[in-house]
Amino acid sequence: MLAQPCTKFDSLVDRLNELANHPEHITDIVIMSLKKEAEKVKTIDPSHGFSLLAMIACLEGKQADMRNNHEKALALSPHDPILWKNYAVSLAKCLCFEEAYEKAKQAYQLNHLEVSVLDTLIWIANKLELEDELKHYLSEWEKLTGKPHPYINFIEDNTDILQTMLDDIEKDIKENPSHIISTDSEEFQQYFILAESLVEGINV
């Protein structure tokens, strides 16, 4: 009996995450439809139903309802890592990254082998600029999946872009010395700080 609602649960979670990335597709009719589907799940699997309702509340910007429903879900199934992960995602989408990180760590403690949980930890650790933790979880991802996390490819792509920019700037200065600005100028200092932060950000 539980296999069907879990499958429905997964598809609804995917739908909610898709809508979170495309808020222009969120309408009253869409929200009503999602709530109806979540209520159906809740009649068979209450904890997952409450988790879905919490994620819907997050889409609506109703943070109190989001927290309340996630807490109800966890009260029913406190050892379900996916419920903790979903709570973490909702908190992160509300920009409560510190709280989200704690919830994601709880999910990871419950199941080190759940890819979606580890992916969430990597996302939040990056948002919080937790370099050591990010390196650790990226390493764990590669051990678990046998391949680098997509974040690594993102970093490598941006490293190439930054290097190309720097090469173009160097070439321009060599060909047009008049473009050089004083190292004492405010403009230079701002540019140097920006470039330095970019380099630090991609050297994970």
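A residue is called buried when its relative accessible area is under 20%, exposed when that area is over 50%, and partly exposed in between. In this predicted model, Y137 has a relative accessibility of 8% and therefore counts as buried. Y108 likewise falls under the 20% limit, its relative accessible area being 7%, and so is buried.

These two tyrosines bear on the aromatic contacts of the chain. One aromatic pair is counted. Y108 and Y137 form this pair in an edge-to-face arrangement, with 5.6 Å from centre to centre and 85° between the planes. Because Y108 belongs to helix α6 (residues 97-110) and Y137 to helix α8, the contact ties together parts that are 29 residues apart in sequence.

Charged side chains provide a further set of contacts, with a count of eight salt bridges. One of these joins K8 and E37, with an N to O distance of 3.2 Å. This bridge links distant parts of the chain, since K8 lies in helix α1 (residues 3-21) and E37 in helix α2 (residues 28-44), 29 residues apart. The partners fall into separate accessibility classes: K8 is partly exposed at 33% relative accessibility, whereas E37, at 19%, counts as buried. K8 and E37 also belong, together with K40, to a network of salt bridges.

Another of the salt bridges is formed by K35 and E60, whose closest N and O atoms are 3.3 Å apart. Here too distant parts of the chain are linked: K35 is located in helix α2 and E60 in helix α3 (residues 46-60), with their positions 25 residues apart in the numbering. K35 is partly exposed, at 31% relative accessibility, and E60 is partly exposed as well, at 30%.

A salt bridge within a single helix is found between K105 and E102, the closest N and O atoms lying 3.4 Å apart. Both residues are part of helix α6, where they are three residues apart, or about one turn of the helix. With relative accessibilities of 25% for K105 and 46% for E102, each counts as partly exposed.

At the surface, E129, E131, D132 and E133 form a negative patch. Of these residues, D132 is situated in helix α8 (residues 131-145). D132 has a relative accessibility of 61% and therefore counts as exposed, in contrast to Y137, which is buried at 8% and is likewise assigned to helix α8.

Terms used
Residues are numbered from 1 along each chain as its sequence is written. This is a predicted model: local features need pLDDT of at least 70, side-chain atom pairs count only at pLDDT 80 or more; totals for chains, interfaces and linings use all residues. Side-chain values use heavy atoms; hydrogens and water are left out. Patches are made of residues with over 30% relative accessible area and no salt bridge: like charges are joined within 9 Å, nonpolar side chains (Val, Leu, Ile, Met, Phe, Trp, Tyr) within 5 Å. Accessible areas come from the Shrake-Rupley method with a 1.4 Å probe; for residues, only the protein chains shown count as cover. A salt bridge is a side-chain nitrogen of Lys or Arg within 4 Å of a carboxyl oxygen of Asp or Glu. Lys and Arg count as positive and Asp and Glu as negative; His and the chain ends are not counted. The place of a charge is taken as NZ of Lys, CZ of Arg, CG of Asp or CD of Glu. Helices (H or I, at least four residues) and strands (E, at least two) are DSSP runs, numbered from the N terminus. Buried means under 20% relative accessible area, exposed over 50%, partly exposed in between (1.4 Å probe, protein chains only). Rings of Phe, Tyr and Trp (its six-membered ring) pair if their centres lie within 6.5 Å; planes under 30 degrees apart count as stacked, over 60 as edge-to-face and the rest as tilted.
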